[in-house]
Amino acid sequence: MTSLDPGYLLLILAFFVSLYSTYTFILAVRAKGKKAASIARKGEQATYLYTFIIVLAYLLLTYYFLVRDFDVQYVYYYSDSHLNLTYTISAVWAGREGSLLLWAFFLSILNVVFLRVEKKDALSALALSISSATVSFFVLVMLTFSNPFQRFGVNPGEGYGLNPLLRTPEMALHPPTVFLGYAAATLPFALAVSSVYLKQEGWHLRARLWALVSWIFLSVGIFLGAWWAYKTLRWGGFWAWDPVENASLLPWLTITALLHGIMRNRSFKSWNYWLAYVSFALVVFATFITRSGIIESVHAFGENPEGWLYLILIAIAGMVSAYLFSTRKDVFRSEQYSTFSRDFAIFLNMLILILSTATVLIGTVAPTLVSGISVGRGYYDRVETPLAILLTVLLGVCISIGWRASRENTLRLLKISAPAGVIVFALTQILAGMFYVSLAAGIGAFSLVNHLMTFKPSDLRNARKAGGYIVHIGIILIAIGVAGAWMYDEVHQNVRVGIQDKAKIDTRFGDITLEITDAKQMDYQDRSELIITLNVYENGVLKGTVTPTITQYNLLRQDRVIYSVSILSDYFKDIYIAIGGISMDSAFFEVHVIPLVSLVWLGSVLVIAGGVVSVVMNPPRRE
């Protein structure tokens, strides 16, 4: 019986211990002196205990995968006897139940880290009570609707198999990074609510670390997801505005706004408070999207009744936040600032990020809420492109103003950066002839010049500033790369190439010729591969060799055939080739020519690196 499985019993135990931890931390906040400290220690011990129990449960589920215990339904649906060790371990979080256990696992670990690094006071105790209650919620969902330890009662002998599309390094790492980002977003919210309840200042200084951790892992997760989509789904793109993709982007946008607001909390107390709540609500909303089945997506887990529980959690957190906001207005008194100030520029930056969040959210849910509406890439191009342009311009304007706003100094900077942007725009247009790329390059140059002119060697010791500048440079590169990849990519479908023959394609970047030099089938224990080797010539010169592949796995599941792409890259563009079909004497290919996509990957790496610099160099906690 399900209830007798040791893993299920561990979850029951974890639920009650996490509830006890929540209760004792609340008692500690209400007590005084030594009694408060004594009660808080019980809460800490309970936190360590439920974390240990959840870790045990997670390890037990991993063990079931390793020993191929297909009697466990979750193991049956996401593995098979031939799955290698790496993907067997990653299969633990490949489905709805396991990924929920992974989230609870990460949040528990973060609660322990929080205990170890944060000051032991009422603010920490109340924040931990909220975070422990969140753990209780996720464990309760597993106990009621998403039990990863559910058994058939008989071993089927073989597993259904892991989806072949998930058998890539990127997709093995994508879920853990995203769920770690989601888990970390709980702590800024818990600190914000606790701070307002206790009327205690300074929550933002503690929240910054956890917001940054969340932001970094969400950035890594989004990057891995985009890279996986690009090299696995053979459509030549990296972002399709799919609801599940949008779901991970939404909290990233609001946490980005929160990190900017935290720099000047005295000016943005209300904004920061609500951004902390909205970020938490959006990570829960992301879970709702993937698990409710109400929104169609290739990444969703399908329909499940547990989805509505997440909306209840969002509503409860919202009502608590609203109640505290309405009853403690004196806590939210902020300093005024002039329209010519760094604070006002930061406010505009936050406003654009919030507008982007709202418009992406509308595009994500509109097809579900309004019958007959379809939201495609055209909507996002029309709405998000102007916001992205404004944001990139603001990167430069904000930096040029400085903390001690000086009109003379700002004008001096703009007299150099504005002409630099115009010159780069003109040169790029003359050389490349791609207007949108030229526009992005010109705006990027304007912003970059302002950054360079305001950076001093001594700033290398300022982790916040150095990290922020690296992130901004990454954003500029991504903007230029997206302009090139989205506006000037070329697709050539059904390109027929005969065996030992050549086919020529005319593109705006030159002639591309494909030549089949070899085709062979390789049989393995778990799969068969058809590999076609192609020589790729550009303007008559051999550029390289690619090997697009069709792989058929020996699985019970229907979706067992995948078409792997092969990519030939240089600094300017990718030649991206996938097999479209085969016949007796020829093969058909889909060929994409994608300019500047390498800047998207380079910019993403810089964005992540900037966040890591800000965390690792541990800036002092003062405003």
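## A salt bridge within helix α14

R377 has a relative accessible area of 36% and is therefore partly exposed. In this predicted model, the side chain of R377 meets that of D381 in a salt bridge, with an N to O distance of 3.2 Å. D381, at 24% relative accessibility, likewise counts as partly exposed. Both residues belong to helix α14 (residues 377-401); because they are 4 residues apart there, about one helical turn separates them.

## Salt bridges elsewhere

Over the whole structure, a search finds 21 salt bridges. One of them pairs E538 with K573, whose closest N and O atoms are 2.6 Å apart. E538 lies in strand β4 (residues 527-538) and K573 in strand β9 (residues 573-582), so this pair ties together parts that are 35 residues apart in sequence. Both E538 and K573 are buried.

A further salt bridge joins the side chains of R557 and D559, at 2.6 Å from N to O. R557 is buried, with a relative accessible area of 11%, whereas D559 is partly exposed at 35% relative accessibility. In addition, D5, D69, D71 and R151 are joined into one network by salt bridges that share partners.

## The annotated C-terminal domain

An unreviewed UniProt entry assigns residues 311-615 to the feature "domain: Cytochrome c-type biogenesis protein CcmF C-terminal". In the model, this span is 52% helix and 26% strand. The C-alpha atoms at the two ends of residues 311-615 lie 32 Å apart.

## Helix α7

Helix α7 covers residues 169-184 and has 16 residues. From its first C-alpha to its last, α7 reaches 23 Å, which is close to the 22 Å expected at 1.5 Å a residue. Of the 16 residues of α7, 14 are buried, so the helix is largely enclosed by the rest of the structure.

## A nonpolar surface patch

Y63, L66, V67, L85 and I89 make a nonpolar surface patch of about 460 Å². The elements that give two or more residues to this patch are α2 (33-66) and α4 (85-90).

L66, one of the patch residues, is placed in helix α2. With a relative accessible area of 42%, L66 is partly exposed. Residues of a patch must have over 30% relative accessible area, and the value of 42% for L66 is consistent with that cut-off.

Notes:
Residues numbered from 1 in each chain as written. Predicted model: local features only at pLDDT ≥ 70, side-chain atom pairs only at ≥ 80, totals over all residues. Heavy atoms only, no water. Patch = residues over 30% accessible without salt bridge, like charges linked within 9 Å, V, L, I, M, F, W, Y side chains within 5 Å. Areas by Shrake-Rupley, 256 points an atom, 1.4 Å probe, with all protein chains shown as cover. Salt bridge = Lys/Arg side-chain N within 4 Å of Asp/Glu carboxyl O. Buried < 20%, exposed > 50% of the residue type's maximum accessible area, 1.4 Å probe, protein only. UniProt positions renumbered as here; feature names shortened; annotations may be inferred. Expected span 1.5 Å × (residues − 1).
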